Structure formats: structure tokens, C-alpha cells
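Work through the exercises below with the sequence and the structure open beside you. Each one sets a task and is followed by a solution that proceeds step by step.

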Amino acid sequence: MLLLSLLLHGALLLFFSAPLVPRLDTPRPVYQVDLLSAPVKSPRAGRPDAGKKPAVTKKKAVAKAEPKVEKKTGKAPEVKKTEPPKKSVVAKPVVKEPVVTPVKTPPRTEVKVDPSSPQQTQDVIAEMRRKQEQRQRIEDLKRQLATLSASPSPQTSVPQAPLGAVAGTGHETGADFASWIKQAIVEAWALPDHYRNRGLWCEVELRFDYRGYRVGYLMVRPSGDGYFDATVKRAVMQLEQLPSAPGKSLNLSIKFDPKELL
Amino acid sequence: MNPLSKKYVHILLLGLCGLLLNLTLALGADIVIDEAGQRAIPLAHTALVAESRIAADMAQTFDGVLGGDLDLSGLFAPVDPASFLDDARRVTPTSSQVNFAQWRLLGAQMVIKGSYELTADGLILKMRLYDVINRRLLLGQNYQGRVADARRMAHRFADQVLKSITGKEGAFDTRIAYISNRGGHKELYLAESDGYDARRITDHRSLVLNPDFSPQGRELIFTSYRAGNPDLYRKEIYTGKEARISRQEGLNIAGRYNPGNSEIALTLSRDGNAELYLIGLDGRLHKRLTNSWGIDVDPSWSPLGDKVAFVSSRQGNPHIFVVDVLSGVVSRLTSAGKYNATPAWSPDGKWIVFSRLEEGFFNLYRIRPDGTGERQLTFGAGNKEHPRWSPDGRFILYSNDHSGPKRLYVMRADGSGARELSLPAGSCSHPAWSMRW
């Protein structure tokens, strides 16, 4: 009885003193997420139908798949030797890589039937039928997949939409140049609160050559406040070169219109 | 075609042109930037470099004062001096000598560089502000004076830096007046805008209250009980001359110069009740501004001098009202709160700041002269009272007793960046901020 009482009191003490014990703050890893992807010519869109991979990605998939096929074919004889025939019938590998092995022959299974038991014979025959149907189904799926792969990827009217944009159907991961430029200028623009809530806005034109160098800057519509315009110029002037060559000259008009703060 | 048809065709063509213009404008830009990534300009502020003999204390004082002013402005984000490279230690009076690449590498968009030279006559300071991105000189100022003037040179350069960035000069090279009891009596004191070099300028040995700077001259008005009655006095700061300009029976309190420096609005109780009056600089009575059964006190002029905000209890609790000087029409400004006091009209005319008693403490609020846009500026314990604007409208000076005796604080007009002024010990209240000195 005494022992039980001691145990109960000890448990209570532990329970209530737990918050008093200082916690060991284990250093947590710091993850930095770069939301600023390098611009690409044809950014991938966020639409589900834009996910169909065209030729470039297809090649990569084939190249990656080849060694897997070798492994599977290398392993197959071992399965035949060590595993019982029941397991070898299961066609899981074929489902995983249907494109690579379109004409794979099903492995042969040796079924031992005891002639003394007619019930067992019936069971084995039923099992064989079931497996045959399964193989047929897999073959059908493979044919459907091959047809889909051969068809062209869908296109929409907005081929330059950035990653995640609803209307885009590009095929490269990344943002478009306009998105990248916007992000870069926002980061470079230092606008003291003094200038906000005054309804100031201005518009500039920026020109980049085919290599991505800034070759032109023009204040198209000044705000009327030279000091506000100077902050804009300082922001724009920090953008000397794009991270990659666009391949053609870019001419962009950029409006600086800070939101009002309460 | 008859003339009437021609007219219609012309109108139609004009309409089409207007439509086309609107369409062109409506087409919009390829990119719209509606937010700025940084709310302050990254600024590298280098230490003064000696060109000949070294005056370390002076250089340190100068850098400290300049740094404090720029920090209070809220316009800049300082670049860490520990990261500075060799260009920070070089004397570069022209932009062609500055290694802008180094500053760009550190993320600075602007850099302040300066050097000094000690001569037989005193001190020569050469200050420069460079635009790192556009690689050009934004501001170059040379100052010559006594070594003891280094603080003032720093304030003046800070004012010029603000002007070169915003187009509007700063208000650091100014003075503040306030009431302190550190000598045993409540007397009038004068100090620099950051609180340094405080000096007592009255010796009434009674009770001095409510100072106000003249908008043009270097003189002050204040109320003093020196003669037993709360009378209004005027004092010339440099000559020390003093005159009692209003000694009406009863109260002569809260005098405020009008922006044209021709009249003073104040509260008199000569007729038995506290009302607002206008008097001349010689004390002669010009006009009675208000007439109600309630108490009318604490006048504050609009920057145009056509209206006066004041506190009145004419509708019950003390609230802020505005009276039109010419017509005498009074309109109520505040309706919230049970006790609103000490209004101060901003120099740009857009805001009236006042203190309100809520939950046992006075806190500062601001409101537009039309009664809209009310917003609380200070929070928490402690009474924040007697707000006054800096002459550039960027800052608000006020008293705060959250740590015991009243001390003077300054904050930006939006309520941010509050800090205590470096004033000598003792209770400090009723501040006033001078025009440019």
C-alpha cells in the first residue's frame, strides 16, 4: 500500500514539475526558399492540362528508364529460381514502367496439380484464369498509354504565362522575364513612407538587348515629384542585366504606383 | 455643309480624340510595381576622416549627432559600418574619386563621406552625399567655424541631406523651449532640437508656463506668475529683454503667435469666464474669438492663420473645436473620448494632433481638420501631453511621464520612432519648437 502511494505521488510530482524543467531548444534547420526562379522562355503553367510533357522531358524519362529495365531483366531469372510460382505471376513491375517494356512476355509458371484432389484442380484452374485476365487488362492499359504519349500536348492562347499562371501552357519550369524583372525591381525599390499616400505614380520604359543587357531607360510619365522619380530611377538602374539571355530584345513599360498605406 | 453640321462634326471629332487618348492611357503598362521592397534608403554613413591633425572627440560628436538626426528621420536604413571597405577611410571630395562598386557591393544606395581640417581659426568640414546607383554627387557642403560648432554643423548637414532626398529641408538645426523645475522653480529653458545644450532663460522664481516661439523672430511668449497673476510675457532670446504684454485681470494663458506674427491668440478670463481672444504684439485687445458658458483654452493656429483649434467644455466634456477667425463660426472636431486637450495644428495644415484621456492615461491622437481620419499615435501607460509639431511637420514633440517625472519625447508624425530627448534631470513639460534657427 505504501509503495503504491509512493508511486502515485512520484507520478504526480513528475507530471506537475514537467513545465518547470527548461526545454532544450534544439537548433532547428533554417530553410531558405528561393521564390525567384530564373526566367525561361516558355514557363510552365499551373493548369493540369499543361503538365503533359513534350519531347524534351520525354527523352529524359526514357534515358532514366533504361537502367531500370536492365535491373528488372537481370532480376527476373533469380525470381524464377528462388520464389514460388505464385509470386512470379504478379505483374507489378510491368505496371510501373509500361512505356519501356511494351512487348514483355509474361513469365511462365509451372503449376503442380495433385490429380488425387479434384477440388484443388478446380482451384488452380480458376487461379490461372484470374491471372490471365489480369495480364489482358495490363496489356490494354499499356496500349492506352502509348496512344496518349503519341498525341501532341495541349496549347492555349497565352504561351508566355509564368509558372502557376492559370492561362499558361509553357513547358519549362520558371518565371517569365516580366515576372523576374518585377520581382527584382520591387526588391531594389527603396521608397520611404514620406512618399506614400500622396497619389504619386510614374511610368518608365526599359529596353534590354537579346543578351539581356539593359540598353535603354526612359521616364515616359514622370510623377511630378522629382524625388519620387529619383527613387524609381535608383531602383531601375540596379537592374543592369537579366540572369539569362532572352534571345530577342525586350521593350517593357513599367508603372510605379505604390499602394496607399493606412 | 451648314455651320451647325460643321459644329457637330467638330464636337464628334473631339470626342473621338478624347476616346482614343483614354484608350491609350487605359492600355496600361507591361509591369505594374505597386509596392517597394524597402521602406528606407540603404545609407552608408562613414566616419569623418582627418585631413591634418586629429580631433577624435569632435569627429565622434559630429558623427553621433548626424547619425541620430538621420535615424530619427526614418528615411534611411544604415549599412553596417563593420562591413565598410577601404573607400570609407579615403578622402573623396569628388564623385570620380569614390569607389562606388564597393558601396554597391555592400547594398548601399547612398553614402555620406566627410573630412575635416583643424586650422588656426577653428574647423573646416567638408561633407558629401553620393548617389551610389547613379554614381553622382547629390550634396556637397563645406562648413567653417569653431570646433564647438560641430554639433550645429551636423544638424545643418542633416537638414540638407533631407532636402536633397525629399525636397523639404529638415528641422534639426532648430531650438526647443520647455518648462523645467530642475532649479527648484518652474522656469523656461532652451535647448537644441535633440535636447543638448539646455540653458535656463528665465529667473522668475515663481511659475512659468506655456512657451511659444515667434514664427519669425527669435523671441518667445510665455505665462508667468511672477507678479502674482498669470500674465503673458514676451522675451527676446539674444538680448534677454523681457516685457509683460498682457496683464488682464484673471488668466492670461496659452498665448500662441499667429503665422503672420501680427497677433496672439490666448485665453483671458477678464469677463469672468475663460474665453479666447486676439491681442496685438503690444498686448492691446483686438478681438474676442469665442463666447460661450464653457471654458475655452489651448488655442492653436491653422498654418494659414484663418482658423484656430481649441479646447472647450461648451457641450459637456472637454473636446476639440475649431473657430473661424473672421466669421467666428465654431465647429466641433472630436466626438470620441471624454477628455480631449492641447490641440496642435500641423505646419502643412493636414492634421491636428491632440491628447485624449482614456483608461486613466493621456495618449496622443491625430485627426484631419474636417473631423475625419482620426488615429491613435501613442499607446500604453504614461501621460503623453502637450504635443507640438516640428516646423517641417515631420516630428511631434511631447511630454511623457511613464517613468516618473515628465520628460520630453520626440517621434515621427506617424507615431513611430519615439525617443526621449537628452535633457538634464528634472521634470520637463510644455515644449515648443522654434522655426529654423
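**Exercise 1. Decide whether strand β9 (residues 187–192) of chain B is enclosed or open, and identify the strands that pair with it.**

Solution. The model is a predicted one, and the first step is to look at the burial of the strand. A residue counts as buried when its relative accessible area is under 20%. In strand β9 of chain B, 6 of the 6 residues are buried, so this strand is largely enclosed by the rest of the structure.

The second step is to follow the pairing to strand β8 (residues 175–180) of chain B, which runs antiparallel to β9(B) and is joined to it over 6 bridges. Within this pairing, B:Ala177 stands opposite B:Leu190 of β9(B). The two strands form a hairpin with 6 residues between them, and B:Gly184 in the turn has a positive phi of about 105°.

The third step is to turn to strand β10 (residues 199–200) of chain B, which is antiparallel to β9(B) and joined to it by 2 bridges. Here B:Leu190 stands opposite B:Arg199 of β10(B). These strands also form a hairpin, with 6 residues between them, and in its turn B:Gly195 has a positive phi of about 100°.

**Exercise 2. For the salt bridges B:Asp87 with B:Arg90, B:Asp197 with B:Arg199 and B:Glu219 with B:Arg234, state the distance and the exposure of each partner.**

Solution. Side chains of opposite charge can pair when their charged atoms come close. A search of the whole structure finds 39 salt bridges over all chains, and the three pairs are taken in turn.

In the salt bridge of B:Asp87 with B:Arg90, the closest N and O atoms are 2.5 Å apart. B:Asp87 counts as buried because its relative accessibility is 0%, whereas B:Arg90, with a relative accessible area of 34%, is partly exposed.

In the salt bridge of B:Asp197 with B:Arg199, the closest N and O atoms are 3.2 Å apart. B:Asp197 is partly exposed, at a relative accessible area of 42%, while B:Arg199 is exposed, at 53%.

For B:Glu219 and B:Arg234, the N to O distance is 3.8 Å. This pair links distant parts of the chain, with B:Glu219 in strand β12 (residues 219–224) and B:Arg234 in strand β13 (residues 231–236) of chain B, 15 residues apart. B:Glu219 counts as buried because its relative accessibility is 15%, and B:Arg234 is partly exposed, with a relative accessible area of 23%.

In chain A, salt bridges that share partners join A:Glu127, A:Arg130 and A:Lys131 into one network.

**Exercise 3. Describe the interface of chain B and chain A, beginning with its area and ending with the strands that pair across it.**

Solution. The size of an interface is often given as the accessible area lost when the parts come together. For chain B and chain A the buried area is about 2800 Å², and carbon and sulfur atoms give 54% of it. Of the area that chain B buries against chain A, 25% is supplied by B:Ile31, B:Ile33 and B:Arg39, more than by any other three residues.

Next come the contacts: 30 residues of chain B are in contact with 34 residues of chain A. There are 3 salt bridges across the interface by the rule, including one in which the side chains of B:Asp131 and A:Arg234 meet at 3.8 Å, N to O. The count of residue pairs in polar contact between the two chains is 16.

The contributing elements can then be named, since β1 (31–33), β2 (41–45) and α4 (150–166) of chain B each supply at least two residues of the side that touches chain A. Of these, α4(B) gives the most, with 4 residues. By class, that side of chain B has 13 nonpolar, 8 polar and 9 charged residues.

The last step is the pairing across the chains, in which strand β3 (residues 250–256) of chain A and β1(B) run in the parallel sense over 3 bridges. In this pairing A:Lys255 stands opposite B:Val32 of β1(B).

**Exercise 4. Give the secondary structure and the burial of chain A.**

Solution. Chain A has 7 helices and 3 strands, and along the sequence they follow the pattern α-α-α-α-α-α-β-β-α-β. Of its 262 residues, 26% count as buried. Among contacts in chain A between residues at least 6 apart in sequence, 73% join residues at least 24 apart.

Technical notes. Residues numbered from 1 in each chain as written. Chains lettered and ligands numbered in written order. Predicted model: local features only at pLDDT ≥ 70, side-chain atom pairs only at ≥ 80, totals over all residues. Heavy atoms only, no water. Contact = heavy atoms within 4.5 Å. Buried area = accessible area lost by both parts, 1.4 Å probe. Salt bridge = Lys/Arg side-chain N within 4 Å of Asp/Glu carboxyl O. Polar contact = N/O pair within 3.5 Å; in protein donor to acceptor, adjacent residues only side chain to side chain. Nonpolar A, V, L, I, M, F, W, Y, C, P; charged D, E, K, R; others polar. Pairing = 2+ DSSP bridges. Buried < 20%, exposed > 50% of the residue type's maximum accessible area, 1.4 Å probe, protein only.
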